[in-house]
Amino acid sequence: MTPDLRLARARNATMTTFGLVGAISAVWVVRIPALRDKFGLTELQVGLEVLAWGLGALVAMTAAGRLVTRHGSHRVLRLSVPAAVAGLLMLAFAPGFPWLLAGGLVFGGLFGLVDVAANAQASTLERVGGKPLMGRMHAGWSLGAVIGGLLGAGLAATGLGFTASVAAAALIALAPAGYTMSRFLPDTAPAASAGRTGRPLKLPRAVLLLGAVMFCAFLAEGAVADWSGLHLHDGLGASEAIAALGYPAFELAMLAGRLVCDRITQRCGARLLLTGAGLAGAAGFAVFVTASSALPAITGLVLVGAAVCVVVPLTFSLAGLVGGDRSVAAIARAGTFGYCGLLLGPVAIGLIAEHSSLRTGFLCLIPISLLISAGAWALPDLRVPGHASAVPPPTTADAQPPTDSPLPIER
């Protein structure tokens, strides 16, 4: 098999992985009402289940860096992707609420592990291929989320309950999970994450800054997902059908933006793109909170989606670059920090709405978006693959190309 064919197979497998995880996550999220009805859960218990998933993901991410560094993202993905599908079955067949919480922790943990390993694999593919790919990979996640949401809605329309529909989705997911198993590209050698003294290398401060930028983007995404429909319905008087269009419009804009952001990154560079994303996101939220009717408000959400869609894939890509010999650890650290925004954002907006209004809560997202632009200018001027105008990221004296990669790494 030629190196180009290996690289193409690994790209397809990695994008399939992103899409698969997005799809199985969306299926169980859209069937939460059926889950509530199955067990007669209170709103608090539903919140605890969602929290268990989030905590499982965060805990796994803190450990995933070492695991992926030691064994390689390709090996971790071969096991964790089918395991994540099996984790969905734990949710489907949980006999009671305690088992449901345990299933949420396990499924969230497997999600976190796959997320770090898949982003590490995508980072390796960027360096090997010499061009940005992370936007396309995260576009796969967005597409999978749309497909999974539609699948969950379709299964609900047929009258299937939570157990049957989630189990059916897991069985469907087994085929793409099996497709990916032997196609990933070997990446970092086990010893490459430490110096020759055997001591772990410290992560650059830029990794934490990238995590903070990612935190802002995820906070905005979580707020739109959980609260935009209520603002459209309760604040602007839109019908339930019209209010339900806000989030799909936002997700479709995210998908479209991620399909083209790699090419834009090659032309403009990371700093300019992140700066523009923060400014456009702030403008989109300004349109959303000042709109007096649903149509311009939804237009604001589309602008937000088209803007912030580039932030998460680009910060993951930059974390892999700035991490040098510890690229996997850098991706895990930045991702853990970033996903805290996805958990805390909806909570923060809810607390603000409780004491003021949803409009005020969304108003706070304007300065949050501007922090993305500010963070972009605080970062070192990094060279993304395929864009040679910026200064290459700093590397340590011990940096060595991965020894088990079948293709040369382009420095």
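The following exchange asks how the structural labels applied to this predicted model are justified.

Me: What should be known about the model before its labels are discussed?
Reply: This is a predicted model, in which local features need pLDDT of at least 70 and side-chain atom pairs count only at pLDDT 80 or more, while totals for chains, interfaces and linings use all residues. Residues are numbered from 1 along each chain as its sequence is written, and side-chain values use heavy atoms, with hydrogens and water left out.

Me: What makes up the chain in terms of helices and strands?
Reply: Helices (H or I, at least four residues) and strands (E, at least two) are DSSP runs numbered from the N terminus, and the chain has 16 helices and zero strands. Contact means heavy atoms within 4.5 Å, and of the contacts with a separation of 6 or more, 84% come from residues 24 or more positions apart.

Me: How much of the chain counts as buried, and what surface does the chain expose?
Reply: Buried means under 20% relative accessible area, exposed over 50% and partly exposed in between, with a 1.4 Å probe and protein chains only; 54% of the 411 residues count as buried. The exposed surface is about 16900 Å², of which carbon and sulfur atoms supply 68%, the areas coming from the Shrake-Rupley method with a 1.4 Å probe and, for residues, with only the protein chains shown as cover.

Me: Why is the contact between Arg258 and Glu221 called a salt bridge?
Reply: The term asks for a side-chain nitrogen of Lys or Arg within 4 Å of a carboxyl oxygen of Asp or Glu, and the N to O distance between Arg258 and Glu221 is 3.8 Å, so the pair qualifies. Arg258 lies in helix 10 (residues 246-268) and Glu221 in helix 8 (residues 205-235), so the bridge ties together parts that are 37 residues apart in sequence. Arg258, at 4% relative accessibility, counts as buried, and so does Glu221 at 11%.

Me: How do you know that Asp37 and Arg36 also form a salt bridge, and are these residues buried or exposed?
Reply: Their closest N and O atoms are 3.7 Å apart, which satisfies the 4 Å limit, so this pair too is a salt bridge; the structure holds two salt bridges. Asp37 has 58% relative accessibility and therefore counts as exposed, whereas Arg36, at 32%, counts as partly exposed.

Me: What makes the pair of Trp53 and Phe111 tilted?
Reply: Rings of Phe, Tyr and Trp (its six-membered ring) pair if their centres lie within 6.5 Å, and planes under 30 degrees apart count as stacked, over 60 as edge-to-face and the rest as tilted. The structure holds seven aromatic pairs; in the one made by Trp53 and Phe111 the ring centres are 5.0 Å apart and the planes stand at 45°, so the pair is tilted. Trp53 lies in helix 3 (residues 43-71) and Phe111 in helix 5 (residues 97-129), so the pair ties together parts that are 58 residues apart in sequence. Both rings belong to one aromatic cluster with Phe218 and Tyr339.

Me: Why is the pair of Tyr247 and Phe250 called stacked?
Reply: Tyr247 and Phe250 have 6.1 Å centre to centre and 25° between the planes, and because planes under 30 degrees apart count as stacked, the label follows. Both residues lie in helix 10, three residues apart, about one turn of the helix. Tyr247 is partly exposed at 32%, while Phe250, at 1%, counts as buried.

Me: Where is the kink in helix 10, and what covers the buried residues of this helix?
Reply: The kink is about 45° and is centred on Cys261, the bend at a residue being the angle between axes fitted to the seven residues ending there and the seven starting there. The buried residues of helix 10 include Phe250, Arg258 and Cys261, and their cover includes helix 6 (134-157), helix 8 and helix 11 (270-290). Just after helix 10, Gly269 takes a positive phi of about 90°.

Me: How do you know that Cys309 is in no disulfide?
Reply: A disulfide is a pair of cysteine sulfur atoms within 2.5 Å, and by this rule the count comes to zero. For Cys309 the nearest cysteine sulfur, that of Cys261, is 6.1 Å away. Cys309 has 0% relative accessibility and therefore counts as buried.
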